[in-house]
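The report below describes one protein structure, moving from its cysteines to its metal site, its cores and its charged pairs.

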Amino acid sequence: MSVRPILLWPDARLSQVCVPFDGTDATLIGDLLDTMYHARGRGLAAPQIGVMQRVFVVDVTWKEAAPEPRIFINPVMISASYADMRSMEEQCLSIPDLPMRVERPHTVRLEWTSPEGQPVSDTFDGILARCIQHELDHLDGRVIFDHQTPERRAALEAVHAG
Ligand code: ZN
């Protein structure tokens, strides 16, 4: 497995909707994990390394405790707690050093395919739910800029442009 380069905003691929995972890139999942840990991130989506397919990895515990990698292939959000929204600062490996607040449902339920090809579903909350939603956004060409008000986004993009 190896570390691949991470695309940086505003690379146009970060704004594209991904197609289903096709399994032809044999080292994709291992490389996503290697690249995420190397970049000291908690999540990484395939489009961030230029593979425009619906797969992402997250590990929200490895910095403080034992690694707990989770792999989501063709994930679909089937419900979310829109009555319980929480706002927190997020960072993105494709937009380095520019944290911004994002409001998201506290709890989400997902269906996806495991690396062994099995259908799986589970409910997540807290920081894990937040990371999952952030990565799911990447599969649909959305980044944390897209969660800002137009005024806030303009200000943040000006900071980003330096
Ligand atoms: Zn991101």
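## Cysteines and the metal site

The sulfur of Cys131 is 11 Å from the closest cysteine sulfur, which belongs to Cys92, and this is too far for a bond. The cut-off for a disulfide is a pair of cysteine sulfur atoms within 2.5 Å, and by this rule the count comes to zero disulfides. These statements, like those that follow, refer to a predicted model. Cys131 counts as buried, at 12% relative accessibility, and Cys92 is buried as well, with a relative accessible area of 4%.

The sulfur of Cys92 has another partner, since the SG atom of Cys92 is a donor of the zinc ion together with NE2 of His134 and NE2 of His138, the protein donors lying 2.0 to 2.2 Å from the metal. Along the chain, the donors of the zinc ion follow the spacing C-x41-H-x3-H. Both histidines are in helix H2 (residues 126-139), where His134 and His138 are four residues apart, about one turn of the helix. His134 is buried, with a relative accessible area of 7%, and His138 is buried, with a value of 2%.

## Ser94 and Ile49

Where in the chain is Ser94 placed? Ser94 sits in the loop between strand E4 (85-92) and strand E5 (95-105). Ser94 is buried, its relative accessible area being 0%, and a polar atom of the Ser94 side chain lies 2.8 Å from the backbone oxygen of Leu7. When residues up to four places away in sequence are not counted, Ser94 touches Ile6, Leu7, Leu8, Trp9, Leu14 and Gln48.

Ile49 lies in another connecting segment, namely the loop between strand E1 (43-45) and strand E2 (55-58), and counts as buried at 10% relative accessibility. With residues up to four places away in sequence again not counted, Ile49 touches a set of residues that includes Arg4, Pro5, Ile6 and Leu7, as well as Leu28, Leu32, Thr35 and Leu44. Ile6 and Leu7 are thus among the residues in contact with Ser94 and are also among those in contact with Ile49. The C-alpha atoms of Ile49 and Pro69 are separated by 18 Å, these two residues being 20 residues apart along the chain.

## Nonpolar cores

The largest nonpolar core has 17 residues, and those with the most contacts inside it are Phe56, Val58, Phe72, Leu110, Phe124 and Ile132. E2, strand E6 (107-113) and H2 each supply at least two residues of this core, and H2 gives the most to it, with six residues. Helix H2 therefore contributes to this core and also carries the zinc donors His134 and His138. Apart from this core lies another, of 13 residues, among them Leu28, Leu32, Met36 and Val51.

Within the largest core, Phe124 touches residues that include Phe72, Leu110 and Ile132, and its contacts also take in Arg70, His106, Thr107, Val108, Trp112 and Ala129, not counting residues up to four places away in sequence.

## Salt bridges

A search of the whole structure finds 13 salt bridges. Three of the pairs are listed here with the distance between their closest N and O atoms.

| Pair | N to O distance |
|---|---|
| Asp31 and Arg4 | 2.8 Å |
| Asp140 and Arg54 | 2.9 Å |
| Arg86 and Asp84 | 2.8 Å |

What parts of the chain does the pair of Asp31 and Arg4 tie together? Asp31 lies in helix H1 (residues 28-38) and Arg4 in the segment before H1, so the pair ties together parts that are 27 residues apart in sequence. Both Asp31 and Arg4 are buried.

The salt bridge between Asp140 and Arg54 links distant parts of the chain, with Asp140 in the loop between H2 and helix H3 (150-161) and Arg54 in the loop between E1 and E2, 86 residues apart. Asp140 is partly exposed, with a relative accessible area of 27%, whereas Arg54 is buried, with a relative accessible area of 15%.

In the pair of Arg86 and Asp84, Arg86 counts as partly exposed at 38% relative accessibility, and Asp84 counts as partly exposed at 27%. Elsewhere, Glu90, Arg104, Arg130, Asp137 and Arg142 are linked in a network of salt bridges.

Note on methods:
Residues numbered from 1 in each chain as written. Predicted model: local features only at pLDDT ≥ 70, side-chain atom pairs only at ≥ 80, totals over all residues. Heavy atoms only, no water. Buried < 20%, exposed > 50% of the residue type's maximum accessible area, 1.4 Å probe, protein only. Polar contact = N/O pair within 3.5 Å; in protein donor to acceptor, adjacent residues only side chain to side chain. Contact = heavy atoms within 4.5 Å. Donors = N, O, S within 2.8 Å, 3.2 Å for Na, K, Ca; no water. Core = buried A, V, L, I, M, F, W, Y, C linked by side-chain atoms within 4.5 Å. Salt bridge = Lys/Arg side-chain N within 4 Å of Asp/Glu carboxyl O.
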